[in-house]
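Q: Please take a close look at the site of the ligand in this model. I should like a connected account of the surroundings of the ligand and of the pockets in the protein.

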Amino acid sequence: MAVSDGAPPYHLRLMAHRIAVIGGDGIGPEVTTEALKVVRAAGVAIDATEFDLGGARYLRDGEILSDAILEELRGFDAILLGAVGTPEVPPGVIERGLLLKMRFDLDLYVNQRPFIGTGPGHTQPHDFVVIRENTEGPYVGEGGVLRKGTPHEVATQGSVNTRMGAERAIRYAFDLAVKRDGRKHVTLVHKTNVLTFAGDLWQRAFDAVAADYPGVGTAYNHVDAACIYFVQDPHRYDVIVTDNLFGDILTDLGGAVSGGIGLASSANLNPARTGPSMFEPVHGSAPDIVGTGKANPVAAILSAALMLDFLAEFAAADRIRAACDQPGPGTTTQIGDIIAARVAG
Ligand code: IPM
Ligand code: MN
């Protein structure tokens, strides 16, 4: 069949995964371009639709993420996001209005962040994954401010923890430990010695779920101790499950001890598949290096590989991960080209 528009032949288009692409701000569009290039080179048929969203769009016409656009996004198989945020917009506006709105409204309740690397001072590589609860904790925006700007100002910011929310993230972590080629081990990270209400809920939910997985070993670490272990003994970990804020902080540390934030990938998952999941590098929009070719596209490319896992394109995802080993040095585009050539060949 003749196809004049450069699109894949019709039989491929029928099978193509429909991907919403939000390049976003700063280096986001640069790294996303490379991720799409690599996915296509791996032979996966995708039908990509670009959405112009982020700080730059907000400054132009005030759009952050309207309900209408959110509804449109629901129709896709997955969302690939570069990075959002620009220094001209005050903190919180785009983060809450776009990124967290997607996490909450699309019920992306698991944030899965794998860490494979050799930490500073170590000779053996580690391989662990953090499961971060992604819809609760202090991220929900509970709280408020009184007497703002006066010496008597009061601010509260509550942390919301539901048994259902903790339990579904914990269950996902145990299921992953069973499936993964690892030690079949899950560590709960929290701060039960101080956050006695939330910590107790998490610990009881963890113990209850663990009872359903007799073949999976368990441990508990306070979050401050976990920071030491990430640096000094990362090999003790297989799967870690933790709350939203601890998971945010720990996964930056995880990136730092696993070859740098330029390699750190993440999947915001709706495991119940009631809507699309969203895939994004852990790093931000890095406006200081935009256009210089210095942005490492590997984190975005590995995030696209996580997307392919979720779309059951396992062989392509594995090929991409293998191709991401030592692709540099080079510019953003050169690294993308090298990885694309490896997966194609
Ligand atoms: C992350 C980011 C986000 C978070 C910000 C940009 C809101 O740091 O994905 O880790 O805190 O979750
Ligand atoms: Mn973060």
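A: In this predicted model, the account may start with helix α5, which contributes four residues to the lining of the second largest pocket, the most of any element. This pocket is the space that ligand 1 takes up. Its volume is about 370 Å³. Its lining consists of 20 residues, and those nearest the centre of the pocket are E95, L99, R103, E280 and V282. Besides α5, the elements that supply two or more residues to this lining are β3 (78-83), α9 (244-256) and β12 (277-281). Sorted by class, the lining of the second largest pocket comprises eight nonpolar, five polar and seven charged residues.

The next step is to turn from the pocket to the ligand itself. The residues around ligand 1 are E95, L99, R103, R113, R132, Y139 and D248. Helix α5, which spans residues 93-105, again gives the most, with three residues in the shell around ligand 1. By class, this shell contains five charged residues and two nonpolar ones, while no polar residue belongs to it.

Particular atoms can also be examined. Y139 places a polar side-chain atom 2.6 Å from an oxygen atom of ligand 1. For R113, a polar side-chain atom is found 2.8 Å from an oxygen atom of the ligand. In the case of D248, the distance from a polar side-chain atom to an oxygen atom of ligand 1 is 2.9 Å. As for the surface of the ligand, ligand 1 taken alone exposes 320 Å², and the protein buries 75% of that area.

The description of the pockets is completed by the largest one. About 1400 Å³ of space lies in the largest pocket, whereas the second largest has about 370 Å³. The largest pocket is lined by 47 residues, and P114, I116, D127, L306 and R321 are those that lie nearest its centre. Several elements each supply at least two residues of this lining: the strands β4 (110-117), β5 (126-133) and β11 (265-269), together with the helices α6 (163-179), α10 (298-310) and α11 (314-323). By class, the lining of the largest pocket is made up of 23 nonpolar, 13 polar and eleven charged residues.

To return to the ligand, ligand 1 takes up the second largest pocket, and α5 gives the most both to the lining of that pocket and to the shell around the ligand.

Methods. Residues numbered from 1 in each chain as written. Chains lettered and ligands numbered in written order. Predicted model: local features only at pLDDT ≥ 70, side-chain atom pairs only at ≥ 80, totals over all residues. Heavy atoms only, no water. Near = heavy atom within 4 Å. Polar contact = N/O pair within 3.5 Å; in protein donor to acceptor, adjacent residues only side chain to side chain. Areas by Shrake-Rupley, 256 points an atom, 1.4 Å probe, with all protein chains shown as cover. 1 Å grid on protein atoms, 1.4 Å probe; cavity = no way out; pocket = protein on both sides within 12 Å on 5 of 7 lines; lining within 4 Å. Sits in = over half its atoms within 2 Å of the grid points. Nonpolar A, V, L, I, M, F, W, Y, C, P; charged D, E, K, R; others polar. Points joined across faces, edges and corners; volume = space filled by probe spheres on them.
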